[in-house]
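Okay, thanks for making time this morning. Could you pull the structure up on the screen so we can walk through it together?

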Amino acid sequence: MAKRKVSSADFKKALEKGRPPNIKKIFPNSKALIVSGKVVDWAMMAKGKAVAMAANGRNQFVIRGALLAAQRANAPVIIEIAKSEGGTKAYCAVNYWNIAMLVDNLCNELGITIPVAVHADHYGIRDERDLAAAKVEIPTSFEAGMTSIAIDASHLPDDKNLLANIAINPYIPKWAGLETEVGEIKGEEGLSTVGEALFLIQGLNAHDIFPDWIALNNGTTHGIEEKDSGIQVQLTAEIHTALEKYKISGAQHGTSGNSSERLRQIVARTHTTKANVATALQMISWGVQVNDYGNAILDASGNFSKVKGEGASEEMWEEMVAYAQSKSWKKGDYKNLSLPFENKLLAQPKEIRDRMVKGVEDFAYKMMTEVFNAQDTAPLAIEAILKEGSYDLGPKVTRIENPAEWTESKITERASRLVGDKGPTGKFDD
Ligand SMILES: [Zn+2]
């Protein structure tokens, strides 16, 4: 059985050895244990059948609540923000360039001692222009304290997806957590296949790129689910099994609105170690009523129902609804309230702010401990850092594939032989 407690001497050593160079440079005197995403993956694998919450910090209340929950669960946590949420065209005040600063600051303020990774979620690359921008933008986000990233070129055909992942890799620090994505997250249509996933991971392997996580389209959508048929556990398990020799873990997207039971099966039956939770935490911070797995409960007229005495003040919520109505925003558009209301929410009295955080904390704690089986994994993460004596745990696998078989022309030729149904094209939420 793992040690449940970390001695203060070990914690100090972990701060000294475990913080990556960018973090040490920008937060030289910090007592926040910000680590590479790899460390979080390792800790979950060390426990086995355990998944780390990756909380999308769409507002400061969510970040606070997720950190407090992780501390209570004695589990590492990933605090992340996606390009759509916090890139250059963001709808949130939290962004790629201030999220590490917020996390570092809040860890110190709240006395958080569990390891935390800061992850750039869904760094989308849809064309050559995005790729050129990424070569500048990704380094800037690491300069600002990012310790992990998800490259999402899944909107592209398989060969272009692989080639984009290869082209951008030199711009990502080797020590950082790395996630890649196959199959756009868009629900029941265009589900990922074993062939597609193998193609991406083998091609990367041939180029000495060893991602920590793969995200699949395994049946979820982002945002609010209309039904809970959701995640295809069997398909996920099959793909993870096919990828076993590449030692890649799974990343689960679109968890909000999937039943706890289905998420427990993902934990128990697949190699998933990271699960993104975005919409549910935001809804709870506002005080919107959700069911046990975080899907918003709508009233008879199909509107969100606010729980009196929880989340934002009643007056604030009325203002938010009126704002959304003035823009003719539907339920799925409510996330756009993040940016215009961040300061208004922060300007509420302490008791209101505290209850917003507390709602997130309680929900996240329950999910981490009762669904994700992540409790008491923090000492395993610290153990890994101390054993390695470094912030860089290195790759989990070495090169297996032959680079000569994975040149650009061979990649294109191989991709043309892949059979798969990509599902409908269109704009799906990241
Ligand atoms: Zn996602």
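So, what do the buried residues of helix α12 pack against? They touch β1 and β8 among the strands, and α4, α13, α14 and α15 among the helices. Bear in mind that what you're looking at is a predicted model. Helix α12 covers residues 279–286, and eight of its eight residues are buried, so we can call α12 mostly covered. If you want to click through them, the buried ones include Leu281, Met283, Ile284 and Trp286, and you'll also find Thr279, Gln282 and Ser285 in that set. Right after α12 comes Gly287, and Gly287 has a positive phi, about 95°.

Now let's step back to β8, which is residues 272–277. Is β8 buried or exposed? Six of its six residues are buried, so β8 is largely enclosed by the rest of the structure.

Who are its partners? On one side of the story there's β1, residues 52–56, which pairs with β8 in the parallel sense over four bridges. You can find Ala55 opposite Val277, and Ala54 has Asn276 as its bridge partner. Then there's β7, residues 249–252: β7 and β8 run parallel too, joined by three bridges. There, look for Gln252 standing opposite Ala275 of β8.

Put those pairings into the wider picture and you get a closed barrel of eight strands, in the order β1-β2-β3-β4-β5-β6-β7-β8, with parallel pairing. On average, neighbouring strands in this sheet are turned by 25° against each other, ignoring direction. Helix α8, residues 158–168, packs on the sheet and touches β4 and β5. The direction of α8 makes about 165° with that of β5.

Last stop: a pair of helices. In general, two packed helices are described by the angle between their axes and the distance between the axes. Here, α10 (residues 233–242) and α11 (residues 260–269) pack at about 20°, with their axes 10 Å apart. Angles under 35 degrees count as roughly parallel, and α10 and α11 are therefore roughly parallel to each other. The crossing of α10 past α11 is right-handed. Which residues make the contact? From α10 it's Val233, Gln234, Thr236 and Ala237, and from α11 it's Arg262, Gln265, Ile266 and Arg269. Sorted by class, that's three nonpolar, three polar and two charged residues.

That's my tour, so over to you for questions.

How values were computed. Residues numbered from 1 in each chain as written. Predicted model: local features only at pLDDT ≥ 70, side-chain atom pairs only at ≥ 80, totals over all residues. Heavy atoms only, no water. Axes fitted to C-alpha atoms, helices over the stretch in contact; angles between N-to-C directions. Helix = DSSP H or I, 4+ residues; strand = E, 2+ residues; numbered from the N terminus. Parallel < 35°, antiparallel > 145°, perpendicular 65-115°, else oblique. Left-handed = near helix turned anticlockwise from the far one by under 90°. Contact = heavy atoms within 4.5 Å. Nonpolar A, V, L, I, M, F, W, Y, C, P; charged D, E, K, R; others polar. Buried < 20%, exposed > 50% of the residue type's maximum accessible area, 1.4 Å probe, protein only. Pairing = 2+ DSSP bridges.
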